[in-house]
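User: I am new to this structure and would like to see how its labels are earned. Could you walk me through the reasoning?

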Amino acid sequence: MDNLINSRQLILINEVKNISGTVIYDEFGQAIRIKENGKEENFGNHLEQVNLQHFRLLRLMKDYNLPAIPIEKLITYSNPNTIIKSVTNNKAVANMVIHKEQLLTRISDFGEKYCALC
């Protein structure tokens, strides 16, 4: 977990990736980079990585009797030139994977979503 943003309304797990080139999420959730020479490189399953972090945080909160609070997850690509693609119509990729330029907008959206009663 690269950063954990905490507020009274929600917790945001933000997994930051600094991968250049084209990153394709396949039907198994793997992040595969296509290099300029056409060679493929497997970077693992970022979706499952952040889901595991979410699970562990929930377990920790339960173990310490902390109050339930919504937890959101993002995978943020820090290189603005990275091209992100998905070979399937995977909603998790569309909802969780962003470029760094979208981060403040997504945090604001989460704030509006969970602060309706504030």
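Analyst: Gladly! Lys 113 has a relative accessible area of 53%, and exposed means over 50%, so Lys 113 counts as exposed. Please keep in mind that this is a predicted model.

User: What makes Lys 113 and Glu 72 a salt bridge?

Analyst: The N to O distance between their side chains is 3.2 Å. The cut-off is within 4 Å, between a side-chain nitrogen of Lys or Arg and a carboxyl oxygen of Asp or Glu, so the pair qualifies. Lys 113 sits in helix α3 (residues 103–114) and Glu 72 in strand β6, so this salt bridge ties together parts that are 41 residues apart in sequence.

User: Is Glu 72 called buried or exposed, and why?

Analyst: Buried, because its relative accessible area is 13% and the limit for that label is under 20%.

User: How many salt bridges are there by this rule?

Analyst: The count is four. Among them is the one between Glu 41 and Arg 33, with N and O 2.7 Å apart. Another joins Lys 35 to Glu 41, where the closest N and O atoms are 3.6 Å apart. Both distances are within 4 Å, so both pairs earn the name.

User: What makes Arg 33, Lys 35 and Glu 41 a network?

Analyst: Glu 41 meets Arg 33 in one salt bridge and Lys 35 in another, and the three residues are linked in this way.

User: Which of these three residues are buried, and which are partly exposed?

Analyst: Arg 33 has 16% relative accessibility, which is under 20%, so Arg 33 is buried. Glu 41 at 27% and Lys 35 at 34% are both partly exposed, because that label covers values from 20% to 50%.

User: Why is Lys 73 said to have no salt bridge?

Analyst: The nearest side chain of opposite charge is that of Glu 72, 7.4 Å away. A salt bridge needs a distance within 4 Å, so Lys 73 has none, although Lys 73 is buried.

User: What polar contacts does the side chain of Lys 73 make?

Analyst: The side chain of Lys 73, a residue of strand β6 (residues 71–77), has a polar contact of 2.7 Å with the side chain of Asn 51. Another, of 3.3 Å, goes to the side chain of His 54. Polar contacts are counted within 3.5 Å, so both distances fit. Lys 73 also touches Leu 12, Ile 13, Val 50 and Met 96, among others.

User: How do you know that β5 and β7 are edge strands?

Analyst: The open sheet of four strands has the order β5-β4-β3-β7, with mixed pairing. Strands β5 (40–42) and β7 (83–86) each pair on one side only, as edge strands do. Neighbouring strands in this sheet are turned by 25° against each other on average, direction ignored.

User: What makes β3 and β7 a pair?

Analyst: Strand β3 (residues 22–25) is joined to β7 by four bridges in the parallel sense. Pairing needs at least two bridges, so these strands qualify. Within this pairing, Ile 24 has Lys 85 in β7 as its bridge partner.

User: How are β1 and β2 joined?

Analyst: They run antiparallel, and four bridges join β1 (residues 3–6) to β2 (residues 11–17). Asn 3 stands opposite Asn 14 in β2. The two strands form a hairpin, with four residues between them.

Terms used: Residues are numbered from 1 along each chain as its sequence is written. This is a predicted model: local features need pLDDT of at least 70, side-chain atom pairs count only at pLDDT 80 or more; totals for chains, interfaces and linings use all residues. Side-chain values use heavy atoms; hydrogens and water are left out. Buried means under 20% relative accessible area, exposed over 50%, partly exposed in between (1.4 Å probe, protein chains only). Lys and Arg count as positive and Asp and Glu as negative; His and the chain ends are not counted. A polar contact is a pair of N or O atoms within 3.5 Å; within protein, one must be able to donate a hydrogen and the other to accept it, and residues adjacent in sequence count only if both atoms are side-chain atoms. Contact means heavy atoms within 4.5 Å. Axes are lines fitted to C-alpha atoms, for helices over the stretch in contact, and angles run from 0 to 180 degrees between N-to-C directions. Lists of a residue's contacts leave out its neighbours within four places in sequence.
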